[in-house]
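Got your viewer open and a selection box ready? Let's take a walk along this one, from the whole chain down to single residues.

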Amino acid sequence: MIERTFNILHVDDEQNLREGAKRILARMGHNVLQATNGEEALKLLPAREVDIVLLDLKMPGMDGMEVLKQIRASYPHILVIIATGFATIETAIEAMKLGAYDFMTKPFRPDQLRLITGRAMEHLLLKEERDRLSEERDRGLWDITKEKSRLRTVVDSIVAGILITDMNKRIVMCNPAFYRMMQVGPEGITGENLVELPTLKEIDGMMNDLTKGSHQNNQEITREIVRPGDRPTFVRVSVNRVMTETGKTMGLVAITRDITRIKEQEKEKSAFVAMLTHELRSPLSSVDTQLHVVLKGLTGGLTDRQREMFERIRTRVKNVLYRINDLLDLSKIEARQFTQEKSPANLGPIIKESMELLSDQASEKNLSFESELDSALPDVLGDPSSLKDAAVNLIGNAIRYTPAGGRIAVSTGVEGDLIFFRVADSGIGIAEEHKDKIFDRFFRVKDPRIGDVVGTGLGLPIVKTIVEDHNGTITVESEHGGGSVFTVRLPVLK
Ligand code: ADP
């Protein structure tokens, strides 16, 4: 049973036959149009939607074959069923060659008409279904390709580099910005394993840290790496997991950003601060020295009032000098990040020199200044000048934050494959809630016992930067009022 209504045009000069066929087809639920000859049929077609034409071959006027030809040429979707009273194999073959769909002899019985038109209708329904499916498929494919290429275009034009790998670190995708920044490609790394690409070893390491959860909170890791070259490129890399909607890890993603320009600006700024602080330090140091000479009485006697004033001036000058030195240290370190060359270095002599530099300050405060240094300390990979800055800062703090008459002990040694350097004092100590904060820039504990100790809150952040730059750690143990112990650990050079 065919559900759809078809429009059928019956072309025949015999009225009885037309009416008979119309009754049968209408009862089947279809619309029937009629034409008595070829010309009439061809005039009707442009205005009406016709699915099937039932065509008599032998009519007055235009020949049936000619009508068939014209219908096929102008309306290829219409199925034409030929009906003729003098059916011969030859005419049938000829009509089929011209594109007729089927063939029927006249006069036809109702069941013959139903069978043959029914077959044509089924054919049309099947064709419609096929067309619909293929149209849907084409549209689907088109949508997908369009969506994919749109996404690809977006990814390719992003200024940030993107690298996506599966959980085994096989590269699934990366964009041109990534190739450029990391100096790989431009083709050929998709499908490769990250582990086998030495140029991407830092990213590989970061992905390891992320998946092993050896960093805090198991969240995104961000680090800065330097790509060598005529003009080194600084790249900030963030590594994270790629999650499905249900929270399963599908793979890993690295986003890279070129921060060379920012770094260059920072460098310019640091260089400017370094220059400025340097320019300020020289005249102030000379003021300090001259005040020292005056206070010693080398330029003649002073009244008590004059001495008191000069001493106050000297304290102020010293405070300013202290701040300038910290700023200078900071800008030096920032500048050094661009130029630093690490080589095998030994902490022994570095600590000794630092202690010598500060021994006057320690004796001024009448502090016992002891050391227990490992004489066979292995080397570390480092920059001696920064390591000395770190040591001077830590020992200097111990001296400054320990009241007169106290004790300072400096020690070095080996613990497994780490070297430690420890500064212990019997000073004012650090309260639990401040232990983390003292490594933040400009943080200073507000404690009346700090009294007139001048500072900028930059010393410990500088030390921490240096230590971490050497792949080391710094820890503090302290009790409020019970002295402090700062320990730096650095990896032994293998
Ligand atoms: P600054 O000493 O210039 O203030 P730092 O960054 O070196 O800056 O130190 C930050 C703060 O940590 C200090 O202000 C002080 O409160 C505290 N601190 C540092 N070292 C010690 C120490 N050895 N004993 C007690 N407190 C300390």
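First, a term for the road: two residues are in contact when they have heavy atoms within 4.5 Å of each other. Keep in mind too that you're looking at a predicted model.

**Whole chain.** Select everything and show a cartoon. Among contacts between residues at least 6 apart in sequence, 61% join residues at least 24 apart. The cartoon should give you twelve helices and 17 strands. How spread out is the chain? Its radius of gyration is 47 Å, well over the 23 Å that the globule rule gives for 494 residues, so the chain is more spread out than a compact globule. Line up the principal axes and the C-alpha atoms fill a box of roughly 150 × 50 × 45 Å.

Now switch on a surface. About 28,000 Å² is exposed, with carbon and sulfur atoms supplying 54% of that area. As for what's underneath, buried residues account for 41% of the 494 in the chain.

**Helix 11.** Next, select residues 384-400, which are helix 11. From first C-alpha to last, its 17 residues reach 24 Å, close to the 24 Å expected at 1.5 Å a residue. Is this helix mostly covered or mostly open? Mostly covered: 13 of its 17 residues are buried.

**Helix 8 and a greasy spot.** Jump to residues 260-295 for helix 8, where you'll find Met275. Add Phe272, Leu276 and Leu280 to the selection: together with Met275 they form a nonpolar patch on the surface, with about 370 Å² of accessible area between them. Met275 counts as partly exposed because its relative accessibility is 41%, and the partly exposed range lies between 20% and 50%.

**A cis bond.** Now select Lys106 and Pro107 and check omega across the peptide bond that joins them. The bond is cis, with omega near -5°. Pro107 is in the loop between strand 5 (102-105) and helix 5 (110-157).

**Two positive phi angles.** Which residue comes next, in the loop between strand 15 (418-425) and helix 12 (459-469)? It's Phe442. Phe442 has a positive phi of about 70°, although it is not a glycine. With a relative accessible area of 56%, Phe442 is exposed.

Keep going past helix 12 to the loop that leads to strand 16 (473-478), and pick Asn471 there. Asn471 is another non-glycine with a positive phi, near 60°. Asn471 counts as exposed too, at 65% relative accessibility.

Methods. Residues are numbered from 1 along each chain as its sequence is written. This is a predicted model: local features need pLDDT of at least 70, side-chain atom pairs count only at pLDDT 80 or more; totals for chains, interfaces and linings use all residues. Side-chain values use heavy atoms; hydrogens and water are left out. Patches are made of residues with over 30% relative accessible area and no salt bridge: like charges are joined within 9 Å, nonpolar side chains (Val, Leu, Ile, Met, Phe, Trp, Tyr) within 5 Å. Accessible areas come from the Shrake-Rupley method with a 1.4 Å probe; for residues, only the protein chains shown count as cover. A salt bridge is a side-chain nitrogen of Lys or Arg within 4 Å of a carboxyl oxygen of Asp or Glu. Helices (H or I, at least four residues) and strands (E, at least two) are DSSP runs, numbered from the N terminus. Buried means under 20% relative accessible area, exposed over 50%, partly exposed in between (1.4 Å probe, protein chains only). The expected span of a helix is 1.5 Å times one less than its number of residues. The radius of gyration is taken over C-alpha atoms; the globule rule is 2.2 Å times the number of residues to the power 0.38.
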